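Subject: The structure I promised you

Hi,

Here is the structure we talked about, ready for you to open in your viewer. Have a look around first, then read on for what turned up.

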Amino acid sequence: MQRSDGPGLRHLALWLLLLAGTTTLVTLAWNSWLIWPAMFVHGIVLVHHFSLQHECVHYTVFRTRWLNDLVGQICGLVIILPHRFFRYEHCDHHTYTQQTGEDPEMIPLPKTLGAYLWYLSAIPYWRAKFSELFRHASGRLSEAELRFIPKVEHTAVFWEARRMLIAYAAVFLAMALTGWWGLIWYWLIPLFLGEPVMRFVRMTEHVGRPTVAQMSENTRTNIVSRPISFLCWNMNYHAEHHYVASVPFHALPRLHEKLKDHIYVERGGYLAAHRDILRQILRPENRARA
């Protein structure tokens, strides 16, 4: 549980090099049809800012508290996810993991193949996120949000959404005034192209696991390659993270060695997790115990 700035800063430096590389890829493919696969690859890196922001929410990337706040807020701007709001929402996710009606981040097991593909399209995700952002900016919270956001923080959440919308408006105004619309191609389109990959990843964490409070049952750990583990800031060790959420990202592989015989581990990685999910969708009798 010991925190340190060093591992987070080293990981972040390599992360920025990767981001520079995929940005260069888009630039090199600019006048070719190859820009679309280049933007997709770039988008995969962009949407994984969620993993970094998630760690910052837990204050486990850096020992220095303000660094977690700063980096988390930047990530939130990149992926259009208000950082303060996400912290409160995520707190309840850890408190009520896989508890129907209580877990605000719960992704229900799709009932049909069509519903599974619809979720993976990320269209429902973006519809919900933009609705949240504009609702908060107008000073309104949903019934569920009223349960997990303290009353003293309502105004702060509203102003966070307003500041984000002002920032985005300023960016688009600057592009309109200069006539350079590059951020559409370097940021927005890649973000939308890459989000289905993040939906694919997020489904493997809890979807298809029993809707019970027991952490050894309701969460998956996925064993993936080191590059993928790097990209997701070790969040593939998700059951370990739920057991002890204050353990820094860089220590999760060591925690895995201590817990691997007491948690649900999917050794086939994300693809095997989705095979399990699809098996439960197509054959309801195979669904995990509720």
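To start you off: where in the chain is the place of A122? Turn to the loop between helix 6 and helix 7, and you'll find A122 there. Before we go further, keep in mind that this is a predicted model.

**Two residues with positive phi**

A122 caught my eye for its backbone: its phi is positive, about 75 degrees, although A122 is not a glycine. With a relative accessible area of 1%, A122 is also buried.

Y59 is another residue other than glycine with a positive phi, in this case near 60 degrees. Look for Y59 in the loop between helix 3 (49-57) and helix 4 (65-79). Is Y59 buried or exposed? Its relative accessibility is 11%, and under 20% counts as buried, so Y59 is buried.

**Helices packing on helix 10**

Now for the helices. When two helices pack, we describe them by the angle between their axes and the distance between those axes.

Take helix 7 (residues 123-137) and helix 10 (residues 182-206): their axes are 10 Å apart, and the packing angle is about 110 degrees. Angles of 65 to 115 degrees count as roughly perpendicular, so that is the word for helix 7 and helix 10. On the helix 7 side, Y125, W126 and F130 make the contact, while helix 10 brings in L191, F192, E195 and R199. Sorted by class, this contact has 5 nonpolar and 2 charged residues, with no polar ones.

Helix 10 also packs with helix 6 (residues 113-120). Here the axes come within 8 Å and cross at roughly 120 degrees. How should we describe the way helix 6 and helix 10 lie to each other? The crossing angle makes them oblique, therefore not in the roughly perpendicular range of 65 to 115 degrees. Helix 6 makes this contact with Y116, Y119 and L120, and helix 10 with P196, R199, F200, R202 and M203. The classes here come to 6 nonpolar, no polar and 2 charged residues. If you click on R199, note that it takes part in the contact with helix 7 and also in the contact with helix 6.

**Aromatic rings**

How many aromatic pairs does the count come to? The answer is 11.

One of them is W15 with W233, a tilted pair with 6.0 Å from centre to centre and 55 degrees between the planes. This pair links distant parts of the chain, 218 residues apart: W15 is in helix 1 (residues 5-28), and W233 is in the loop between helix 12 (226-231) and helix 13 (238-243). W15 counts as buried at 1% relative accessibility, and W233 is buried at 0%.

Another tilted pair is F85 with F148, at 5.9 Å centre to centre with 50 degrees between the planes. F85 belongs to helix 5 (residues 83-95) and F148 to helix 8 (residues 143-148), so this pair ties together parts that are 63 residues apart in sequence. F85 and F148 are both buried.

You can also pick out an aromatic cluster made of W30, W36, W185 and Y186.

Two arginines sit over rings as well. R162 has its charged end over the ring of W159, 4.8 Å from the ring's centre. R209 lies over the face of Y264, at 3.7 Å from the ring centre.

**Two residues to zoom in on**

What does W15 touch, leaving out residues up to four places away in sequence? Its contacts are V45, H48, H49, F230, L231 and W233. For a sense of scale, try the C-alpha atoms of W15 and E257: they are separated by 25 Å, and the two residues are 242 residues apart along the chain.

Then go to H241, which lies in helix 13. H241 is buried, with a relative accessible area of 0%. Leaving out residues up to four places away in sequence, H241 touches H54, E55, H58, H90, H94, M235 and L252. The C-alpha atoms of H241 and A251 are separated by 10.0 Å, and these residues are 10 residues apart along the chain.

That's the tour. Shout if anything is unclear!

Cheers

How values were computed. Residues are numbered from 1 along each chain as its sequence is written. This is a predicted model: local features need pLDDT of at least 70, side-chain atom pairs count only at pLDDT 80 or more; totals for chains, interfaces and linings use all residues. Side-chain values use heavy atoms; hydrogens and water are left out. Axes are lines fitted to C-alpha atoms, for helices over the stretch in contact, and angles run from 0 to 180 degrees between N-to-C directions. Helices (H or I, at least four residues) and strands (E, at least two) are DSSP runs, numbered from the N terminus. Angles under 35 degrees count as roughly parallel, over 145 as roughly antiparallel, 65 to 115 as roughly perpendicular and the rest as oblique. Contact means heavy atoms within 4.5 Å. Ala, Val, Leu, Ile, Met, Phe, Trp, Tyr, Cys and Pro count as nonpolar, Asp, Glu, Lys and Arg as charged, and the others, Gly among them, as polar. Rings of Phe, Tyr and Trp (its six-membered ring) pair if their centres lie within 6.5 Å; planes under 30 degrees apart count as stacked, over 60 as edge-to-face and the rest as tilted. Buried means under 20% relative accessible area, exposed over 50%, partly exposed in between (1.4 Å probe, protein chains only). A charge sits over a ring if NZ of Lys or CZ of Arg is within 6 Å of the ring centre and within 35 degrees of the ring normal.
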